[in-house]
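This briefing looks at how one helix takes its place in a nonpolar core, and it should be read alongside the sequence and the 3D view.

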Amino acid sequence: MANVMVVPSCNTSLRQGSVLVDSLRRWNNLDRDLRDIPNINGFKTRFKSHWPTSYKPYMGGSRIAGVHHTRMRLGFSQLNRDLYLRGCEASPICSQCQSGLDETYAHYLLKCSKYDLARSVLIFSSLDSEGHPTSVNQFDDEALVHLLLKGLVGEDNLTNVRLFRSVHTYISSTKRF
Ligand SMILES: [Zn+2]
């Protein structure tokens with residue numbers, strides 16, 4: 001086949017997941033007409049229309065808060081627990097309150113007493129959205145964190161846009177980062 005790259009053989013799953021091998025495999029899986037485009041600008045234009053676009057509710061809103069929201073969603077936040085796990089902080093304990101608890105996503109978003117005022121705005125503006133069957137009471141902490149970071153599965157974009165905007169407002173108002 002034309003424009004197909006040779007993928008080196010790999011014996012380990014780590015090597016199979018490497019950027020090089022994964023990129024070559026993805027390239028080979030593109031449609032032939034996409035691989036055959038002779039210039040980079042033409043390729044980029046066609047690729048963008050060919051590939052799924054970013055999930056819209058994640059876009060927009062506060063840029064800085066959006067960055068921190070994304071970092072939490074990906075597990076690379078600047079909260080003490082994540083920093084500790086990456087060897088960048090001596091302790092995972094929250095330094096913003098006296099609880100002595102790890103500064104996890106649940107602690108930051110749902111529990112830390114320093115952000116009680118900001119949190120009341122977050123919860124009510126997020127979950128009491130017109131007519132949707134969402135209530136704080138139906139979620140445990142883990143599910144609520146998932147909701148705040150990744151949205152409601154199966155809900156329309158508008159609901160998740162509203163949800164994420166309120167998370168951005170919360171992140172900004174806590175001034176944690
Ligand atoms: Zn705290």
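**A helix and its core**

In α5, the buried residues are Ala65, His68, His69 and Met72. Seen down the axis of α5, these buried residues fall within an arc of 105°, so they line one face of the helix. The model is a predicted one, and the points below follow α5 outward to its surroundings.

**The helix itself**

- On the other side of α5, Arg63 and Leu74 are exposed, whereas the buried residues of the helix pack against α7, α9 and α10.
- The end C-alpha atoms of α5 are 16 Å apart, which agrees with the 16 Å that its 12 residues should span at 1.5 Å a residue.
- After α5 comes Gly75, a residue whose phi is positive, near 85°.

**The nonpolar core**

- The largest nonpolar core has 17 residues, and those with the most contacts inside it are Tyr105, Tyr108 and Val167.
- At least two residues of this core are supplied by each of α5 (63-74), α7 (105-111), α9 (141-150) and α10 (157-174).
- The helix that gives the most to this core is α10, with five residues.

**Contacts of Val167**

- When residues up to four places away in sequence are not counted, Val167 touches His69, Leu122 and Leu148.
- One of these partners, His69, is also among the buried residues of α5.

Definitions and conventions. Residues are numbered from 1 along each chain as its sequence is written. This is a predicted model: local features need pLDDT of at least 70, side-chain atom pairs count only at pLDDT 80 or more; totals for chains, interfaces and linings use all residues. A nonpolar core is a set of buried Ala, Val, Leu, Ile, Met, Phe, Trp, Tyr and Cys residues joined through C-beta atoms within 7 Å. A residue is buried if 20 or more other C-beta atoms lie within 10 Å of its own, exposed if 12 or fewer, and partly exposed in between; C-beta atoms are placed from the backbone. Helices (H or I, at least four residues) and strands (E, at least two) are DSSP runs, numbered from the N terminus. Two residues are in contact if their C-beta atoms, placed from the backbone, lie within 7 Å. The expected span of a helix is 1.5 Å times one less than its number of residues. The arc is that of the directions from the helix axis to the C-beta atoms.
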